[in-house]
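User: I am new to this structure and would like a short tour of it. Could you take my questions as they come?
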Amino acid sequence: KRGDGLMMDWTQLRLGYRLGMCSILALWVAWDCVWGQLARDEISIGGRTAFPVFRGCFGLLSWHWFWGLSVYVWTRYRINYIYLFEFDPRNVDTPIDIFNDAVDETLVYLICMLLYYKTDSDDQLFPDLIPPGAYPMFLILYTIKCMIFPWKLRKPLWISIRQVLLASFVSPTFFLTYVGDVFTSMVKVFQDILWSLCFVASGDWLLSEKQHAKMHHVHAWTEKLWYKNIAIPLICLFPLWLRFNQCLRRYMDTGKRFPNLANAFKYAMSQTVTLFGAFHPLYLMHERSEKYNVSLGDDDEEGVIQFSRRNVNLFQIFWMGLFIASSLYSYIWDVYMDWGLGRRAYGFLGPRLMFPRKSHYFSVMAADLILRFMWVLTLIPPQSGAKFELPAYLSAISMVLELFRRTIWSFFRLEHEHRQNTDGYRRVGVVPLHFNTGHKHKYHERHFLGWKVLLEVAVVTSIVIAISAMSVIMAQRAAHQVDELAHPTSHANDL
């Protein structure tokens, strides 16, 4: 009401009921996938042809949610991210605005996934007038639209991405290094984006699941040399290479060997792990052993084979040692350098902590140790044959866990940068508190009128009731048809 100067925040009501819609749709998708696989022996969404499209879009969508969470945490604990990132306060969204945009995108995502799954399922709940591949195609176009518009808000991001891609020629700011670090966590997302582009360009999205099942070579481009041995390894290496170049450029600008060269060495180790996993097939021990056993001949050949097996074991040990060393090095750098923690004088934490509970710091340090090893696993190219390569249905989980790790990493990274000018990105060491940035005006820029929100709630409720009624009617018809098939003689007698 307006009489005493108070006004109801309709944005929170709008966000709340749309979150409820997302929850119902997510449960619907999950239930249909599980029930379809158990009851009708259908392929779940993870085994469908266009699953990498949904997985890649889900990675981008997850980061949108995590970005809103980051902005909320920074705002809540007065970490002045606007000042540290050198943002224009006029083009900064509030957490509630980010969550409203993310929940709208989530609704479109879940609807497209549900329609794609149900159109090609056996129950024929949705008509197949539209080919199933049209839904992932629409999702791709919608994702591109959300990444470009509104252009006023997206333009600074794309300018920053261009500067990150030109890492050797542009002096990195704190925000550019942050974007580069985020890129290293999105390797799986970039792989799915490339897969989606090939999926569209090849015309495979026009084929149904049954047509794909009849084909001998589904997505033949995934077995091509340019895709499997060139494009995918380059995508795994490219974000690490960008951060490596940023560290070298930072060393050129400042002349400080530490921490710039030490940080560059961290990314060089990760690149080495990726290169060994992508281009060296010796760690495929079981496949090689089977091939060797078939070709066993005289004693000389058997001696060569035994020697090759020893080389495989030595390489496996070396690769695992490199894997562990790279993960531990990155973890120590996170805690000691990026977060400013691990100081014995402060109880293995840091000075002037901005988060209220010390248990938060220790919990995050423990979680980061585990998730760092999972991050290195994301650098292994898909279908490489590594013994510890994650299956396709778990890769989405590992992708989201890495994005979550990067999110909690950013909480403490900006806290450390707010407390002290760690790498000399600013000329002034003092950072104004968050409420001095002029950010509050953004909260009053958007106004949702109450009657519009209530009208939207009424429309959505009507649609849900209509869909529920249609589902009940179609279920009754299906049950009647099953009953006729089960007892045809009784129905004939009734006639």
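Analyst: Certainly. Please keep in mind that this is a predicted model. A convenient place to begin is threonine 106, whose side chain reaches the backbone oxygen of alanine 102 at 2.7 Å.

User: Where does threonine 106 lie?

Analyst: Threonine 106 is part of helix H4, which covers residues 95-119.

User: Is threonine 106 buried or exposed, and why?

Analyst: Threonine 106 counts as buried because its relative accessibility is 11%, and the cut-off for buried is under 20%.

User: Which residues does threonine 106 touch, leaving out those up to four places away in sequence?

Analyst: Threonine 106 touches Cys22, Leu61 and Trp65.

User: Let us turn to the nonpolar cores. In the largest one, which residues touch the most other members?

Analyst: That core has 44 residues, and those touching the most other members are Trp74, Tyr81, Phe85, Tyr178, Trp339 and Leu414.

User: Which helices each supply at least two residues of this core?

Analyst: They are H2 (51-76), H3 (81-85), H6 (151-165), H7 (174-184), H13 (299-338), H14 (358-378) and H15 (392-419). Apart from this core lies another, of 39 residues, with Cys22, Cys57, Tyr109 and Ile235 among them.

User: Back to tyrosine 178: what is it in contact with, setting aside neighbours within four places in sequence?

Analyst: Tyrosine 178 is in contact with Trp63, Trp67, Trp74, Phe85, Trp409 and Ser410. Two of these, Trp74 and Phe85, are also listed with tyrosine 178 among the residues that touch the most other members of the largest core.

User: Now the helices. At what angle do H6 and H7 pack?

Analyst: The angle is about 80°, and the axes of H6 and H7 are 10 Å apart. H6 is therefore roughly perpendicular to H7, a description that applies to angles of 65 to 115 degrees.

User: Which residues make that contact?

Analyst: H6 contributes Ser160, Ile161, Gln163 and Val164, while H7 contributes Phe175, Leu176, Val179, Gly180 and Phe183. By class, the contact of H6 with H7 has six nonpolar residues, three polar ones and no charged ones.

User: What about leucine 240: where is it found?

Analyst: Leucine 240 is found in helix H10, residues 225-254. Leucine 240 counts as buried, because its relative accessibility is 0%. From C-alpha to C-alpha, leucine 240 and threonine 184 are 6.0 Å apart in space, with their positions 56 residues apart in sequence.

User: A change of topic: which residues does a cis peptide bond join?

Analyst: One such bond joins phenylalanine 149 and proline 150, with omega about 0°. Proline 150 is in the loop between helix H5 (134-148) and H6. Another cis peptide bond joins phenylalanine 258 and proline 259, with omega about 10°. Proline 259 has its place in the loop between H10 and helix H11 (260-279).

User: Which residues have a positive phi without being glycine?

Analyst: Arginine 78 is one of them, with phi of about 60°, and arginine 352 is another, with phi near 50°.

User: Where is each of these found?

Analyst: Arginine 78 lies in the loop between H2 and H3, and arginine 352 is found in the loop between H13 and H14.

User: And what is the relative accessible area of each?

Analyst: Arginine 78 is partly exposed, with a relative accessible area of 44%. Arginine 352 is exposed, with a value of 57%.

Key:
Residues are numbered from 1 along each chain as its sequence is written. This is a predicted model: local features need pLDDT of at least 70, side-chain atom pairs count only at pLDDT 80 or more; totals for chains, interfaces and linings use all residues. Side-chain values use heavy atoms; hydrogens and water are left out. Helices (H or I, at least four residues) and strands (E, at least two) are DSSP runs, numbered from the N terminus. Buried means under 20% relative accessible area, exposed over 50%, partly exposed in between (1.4 Å probe, protein chains only). A polar contact is a pair of N or O atoms within 3.5 Å; within protein, one must be able to donate a hydrogen and the other to accept it, and residues adjacent in sequence count only if both atoms are side-chain atoms. Contact means heavy atoms within 4.5 Å. A nonpolar core is a set of buried Ala, Val, Leu, Ile, Met, Phe, Trp, Tyr and Cys residues joined through side-chain atoms within 4.5 Å. Axes are lines fitted to C-alpha atoms, for helices over the stretch in contact, and angles run from 0 to 180 degrees between N-to-C directions. Angles under 35 degrees count as roughly parallel, over 145 as roughly antiparallel, 65 to 115 as roughly perpendicular and the rest as oblique. Ala, Val, Leu, Ile, Met, Phe, Trp, Tyr, Cys and Pro count as nonpolar, Asp, Glu, Lys and Arg as charged, and the others, Gly among them, as polar.
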